[in-house]
Amino acid sequence: MIPKIIHYCWLSNDPIPEKLQEYMKSWKEKLPDYEFKLWNFDCFDINSSQWVKEAFEAKKYAFAADYIRLYAVYNYGGIYMDMDVEVIKSLNPLLNNDYLLGYENQIGIEAGIFGASPKADWVKLILDYYQNKSFYREDGTQNTTPLPKIIFKILKANKLLNKHIHPLSPDYLTAKSYKTGQIHTTSNTYTIHHFAGSWHGPKEKLYKLVKNILGEHFAKLCSRIYKKFK
């Protein structure tokens with residue numbers, strides 16, 4: 001069973017944006033009997049993970065948080081939530097299993113909200129991916145593979161997906177298109193992931209905007225031009 005703990009990360013010294021605070025109000029309104037645990041470098045040793053330290057120093061905060069969210073859920077159990085997740089109704093009916101997972105889309109698991117009982121084997125498999133792992137590839141480029149794809153690949157490789165683990169359809173936990181921004185709620189919807197991108201800098205936000213409008217190929221071309229002339 002999944003304990004009533006909500007884990008969340010904020011690795012910046014900046015104030016939490018008002019928009020995120022609005023989403024977080026829904027947590028306490030809909031989950032009044034849950035414990036809320038903030039993860040930052042006051043409670044997590046940045047030097048304990050090469051991946052976290054390198055990603056943070058590269059100002060890729062979302063990738064630093066990828067490891068911390070897995071660490072929190074594995075060691076304590078509970079549910080991790082991005083701060084741009086809006087809770088629509090109580091999560092209590094979803095706590096009876098040893099896992100809480102949903103699809104973000106057809107090729108990735110929703111990593112903005114997921115949960116597990118303490119010391120869950122499937123979380124350990126994903127956590128092990130980051131053990132003694134550099135944020136940089138051998139060619140010096142950053143390993144910015146999104147966590148949804150990593151989770152999907154590891155669960156599939158270990159033959160857990162749709163055999164021992166059956167993720168919920170996207171309308172349960174995501175209910176919003178990352179590409180178009182359109183919200184699609186149903187009677188199944190517990191949370192909406194708004195994909196606010198609070199960890200992203202101006203460059204990343206511009207890349208996402210160009211990609212959504214003109215496609216990934218054109219966005220990559222613009223990114224290469226930017227690097228050449230900056």
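These notes cover three helices of a predicted model.

1. Helix H1 and Ser 26. Helix H1 covers residues 18-30, and Ser 26 lies in H1. Ser 26 has a relative accessibility of 6% and so counts as buried. The cut-off for buried is under 20%.

2. Contacts of Ser 26. Residues up to four places away in sequence are left out here. Beyond them, Ser 26 touches Leu 31. Ser 26 also touches Val 85, Glu 86 and Val 87.

3. Helix H2. This helix runs over residues 50-57. Its buried residues include Trp 51 and Val 52. Glu 54 and Ala 55 are buried as well. H3 is among the elements that cover the buried residues of H2.

4. After H2. Lys 59 comes just after H2 and takes a positive phi. The value is about 65 degrees.

5. Length of helix H3. H3 has 16 residues, numbered 61-76. From first C-alpha to last, H3 reaches 22 Å. That is close to the 22 Å expected at 1.5 Å a residue.

6. Burial of H3. H3 is mostly covered, with 12 of its 16 residues buried. Among them are Ala 62, Phe 63, Ala 64 and Ala 65. Asp 66 and Arg 69 are buried too, as are Tyr 67, Ile 68 and Leu 70. Ala 72, Val 73 and Tyr 74 complete the list.

7. After H3. Gly 77 follows H3. The phi of Gly 77 is positive, near 70 degrees.

Notes:
Residues numbered from 1 in each chain as written. Predicted model: local features only at pLDDT ≥ 70, side-chain atom pairs only at ≥ 80, totals over all residues. Heavy atoms only, no water. Helix = DSSP H or I, 4+ residues; strand = E, 2+ residues; numbered from the N terminus. Buried < 20%, exposed > 50% of the residue type's maximum accessible area, 1.4 Å probe, protein only. Contact = heavy atoms within 4.5 Å. Expected span 1.5 Å × (residues − 1).
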